[in-house]
Amino acid sequence: MMKENNVLKDKIALFPRSPGVYLMKDPAGKIIYIGKANHLKSRVASYFTGKDSRPMAPFLMARVYDIEFINTATAKEALILENNLIKRHRPRYNVTLRDDKTYYYLSLDPTDKFPRLQLVHKRLHNAALYFGPYPSGLAAKETLRFVQQIFPLRSCRNRDFKIRPRPCLEYQIGRCLAPCSGRINEEAYRNLVDNAVSFLRGRSRELITELKKQMNDASEELHYEEAARLRDRIAALEHALEKQNVERGEEKDQDVFGFFSRHHQHQFCVLFVREGKLLGSKLFAPIRLKTDAGEIVSSCLTQYYDGDVTLPDEIIIPCHLTDEDVIIEWLSEKKNKKMILTVPSIGAKNALLQLANDNARNLWESTYKKREEKEFALQILQEKLSLAGLPRRIECYDISNIGGTYAVGSMAVLQDGAPDKNSYRRYRVKAPAEPDDYKMMQEVLSRRFSSGGHLPDLVVVDGGKGQLNVALSVLKDLKIRTDVIGLAKEKCRRCDVRAGQKKTRTWEDRIYLPGRKDALYLSAWPQALRILQLARDEAHRFALRYHHQIKHQGDLHSVLDDIADIGAKRRKILLSHFGSARAVKEATMEALQKVPGIGKSLAEKIFAHVHDNGKTE
């Protein structure tokens, strides 16, 4: 609840008439909004005078309990401080640009004698050349693979390159010219590097012209093999050029910010134009906030370019910003060059902006359509499974073991039909004397629901009626009421027309419900069934991964690991001396005492342990 207006107004009256950042807090002291201002006192006072016309303002002021400020020397410092504080506190009413992708670059160091092209995640302040950013690792790897095929530069690490005695497999399959073994001289290799750099910089047409000249020269000098290699290289480049993205005339680097907004949901995307060629795009998660486009664009620009990205020569944006001059000053300082921020209305730049806006709109519509489809699928699940409510949170449980050993359990969580991997849990199960999946499932469910936490709308157990009854029993004992089903993949007989009306065995998912004798099939509603299958597959994958991890640790466990006073160094001495843990177990007391660093008392401990309690695995 907001403090009395007079109390806050009295506090605001003491705010300075200088640049800075203001922090709005709720009654619990949590920061819910961070803003910047050239004139702190006037800007914060505008919230109380109704001059702030943003749709978000009434919702924000209804929750503000206190306001604090941090004074800065300049508006640019306020911009930087605001961005850092938003990243740190992630306030509810601020724009947060969420992007779970990593930026990828291709890097080549021209100072190396025989440079190699490699994939990197960030730019370093060194002499290397960087090409990108690429919108995904897949795009970067495809580009690297194509360049390696056309320009066979070495791909091995520097350490391997220096000690390699003979050409590797890459040379045998024609993807490297083996500079490690002197199969190509430095001048010829440098020429290959220059051609690769020209291609990555988008100078494909000039490169093709140069390669044709080299091919003709090689042919005239009767170097037909070299001419043939150049011919194939030219053909590959021409084929790539046919599929190359649109050329836009101006040979400059541009980032184009596309923007689409509907129902207070805002979608962003960035198009990368390098030397006049559209090379790719980067997409972001939708932003849900009741505010104007200018504030969103300003916040997104600041957060995006505060990261490890390459600044272009020009940035094209969809609207003018109130703090445009400050942002230009900040960007220019980062680039050490005057930055251009453009809001075009006509011409080629406007065409680029419209293309970016179309990409943002298409992404929003695709996301909205997927959300609608998941909502419809959840409604089908509620109806067909007779659930008490919409199954927004689904928890699925699975067990993985080998004959009762290395038994583990897993919990996978779907939130609104999508995996919520931060909520996944795994359990190391205390294996019963005899393999018993029911007891293992009982242990996992008991531990999960005894610990409290947010209850699911639907519990799914991987299995049939037996596992379902176990889950119902556990929840009944704990007095927890929630919907539970069993999901089992079982064989069924079907008549296959293509098999000449012959009955064939196929696998099909069956759903077991409490109090119902026969299994339920959802094959007629595949969108609903896919949600349950996704939950089951995620739980199975997560359990299997943990099971393999535990088994690997067990397989590597040695009898020596359990002996007191035997650390890693002495274990290494014993294994080096005897050759194996089994040989240590079979060693006599006298033989153990002769090992360097193992005295009489320690030899007695080892001998007693391996013969009385030890078990060599």
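## Close-up views of a predicted model

**View 1. Glu 443, a partly exposed residue in a helix.** Glu 443 is partly exposed, with a relative accessible area of 21%. The structure shown here is a predicted model, and this residue makes a handy starting point. Glu 443 belongs to helix α14, which covers residues 437–450. Setting aside residues up to four places away in sequence, its contacts are Arg 428, Val 429 and Lys 430. Val 474 is a useful landmark too: its C-alpha atom is 9.0 Å from that of Glu 443, although the two are 31 residues apart along the chain.

**View 2. Strand β8, enclosed along its length.** Here we turn to residues 265–274. All of this strand is buried, 10 of the 10 residues, so β8 is largely enclosed by the rest of the structure. In a regular strand, side chains alternate between the two faces of the sheet. Which residues of β8 are buried on one side, and which on the other? One side carries Gln 265, Gln 267, Cys 269, Leu 271 and Val 273, while the other carries His 266, Phe 268, Val 270, Phe 272 and Arg 274. Both faces are therefore covered, in keeping with a strand whose residues are buried in 10 of 10 cases.

**View 3. The strands that pair with β8.** Follow β8 along its bridges and you meet β7, β9 and β10. With β7 (residues 254–262), β8 pairs in the antiparallel sense over 9 bridges; within this pairing, Gly 258 has Cys 269 as its bridge partner. With β9 (residues 277–283), β8 also runs antiparallel, joined by 6 bridges, and Val 273 stands opposite Leu 278 there. Strand β10 (residues 287–288) is joined to β8 by 2 bridges, again antiparallel, and Arg 288 in β10 stands opposite Gln 265.

**View 4. The two hairpin turns at β8.** What kind of phi does His 263 take in the hairpin of β7 and β8? It is positive, near 55°, and this hairpin has 2 residues between its strands. The hairpin of β8 and β9 likewise has 2 residues between the strands, and Glu 275 in that turn has a positive phi of about 55°.

**View 5. Two separate nonpolar cores.** The largest nonpolar core contains 50 residues, and Leu 385, Ile 511 and Leu 532 have the most contacts inside it. Helix α16 (residues 526–555) supplies the largest share of this core, with 7 residues. A second core, separate from it, has 49 residues, including Phe 259, Phe 284, Ile 287 and Cys 319. To explore the surroundings of Leu 385, look beyond its neighbours within four places in sequence: it is in contact with Ile 380, Ile 485, Ile 511, Leu 513, Leu 520 and Leu 532.

**View 6. A tilted pair of phenylalanines.** The model has 15 aromatic pairs. In one of them, the rings of Phe 15 and Phe 69 have centres 4.7 Å apart and planes at 55°, so the pair is tilted. Phe 15 sits in the loop between α1 (5–12) and β1 (20–25) and Phe 69 in strand β3, so this pair ties together parts that are 54 residues apart in sequence. Are these two residues buried or partly exposed? Phe 15 is buried at 5% relative accessibility, whereas Phe 69 is partly exposed at 34%.

**View 7. Tyr 304, Tyr 305 and their aromatic cluster.** Tyr 304 and Tyr 305 form an edge-to-face pair, 4.8 Å centre to centre with 80° between the planes. Tyr 304 is buried at 3% relative accessibility, and Tyr 305 is buried at 1%. Both tyrosines belong to one aromatic cluster together with Phe 257, Phe 259, Phe 268 and Phe 284.

**View 8. Asp 66 and its polar partner.** Asp 66 lies in strand β3, residues 66–71, and is buried, with a relative accessible area of 14%. Its side chain makes a polar contact of 2.7 Å with the side chain of Lys 11.

**View 9. Confidence along the chain.** The protein chain averages a pLDDT of 82, and 87% of the residues score at least 70. Confidence is highest in strand β17 (residues 458–462), at a mean of 94, and lowest in helix α10 (residues 224–242), at 70. Over residues 242–247 the pLDDT is below 50, and this stretch has 11 contacts beyond near neighbours in sequence. Residues 495–499 also stay under 50, with 7 contacts beyond four places in sequence.

Note on methods: Residues are numbered from 1 along each chain as its sequence is written. Side-chain values use heavy atoms; hydrogens and water are left out. Buried means under 20% relative accessible area, exposed over 50%, partly exposed in between (1.4 Å probe, protein chains only). Helices (H or I, at least four residues) and strands (E, at least two) are DSSP runs, numbered from the N terminus. Two strands pair if DSSP finds at least two bridges between them. Contact means heavy atoms within 4.5 Å. A nonpolar core is a set of buried Ala, Val, Leu, Ile, Met, Phe, Trp, Tyr and Cys residues joined through side-chain atoms within 4.5 Å. A polar contact is a pair of N or O atoms within 3.5 Å; within protein, one must be able to donate a hydrogen and the other to accept it, and residues adjacent in sequence count only if both atoms are side-chain atoms. pLDDT is the predictor's confidence in each residue, from 0 to 100. Rings of Phe, Tyr and Trp (its six-membered ring) pair if their centres lie within 6.5 Å; planes under 30 degrees apart count as stacked, over 60 as edge-to-face and the rest as tilted.
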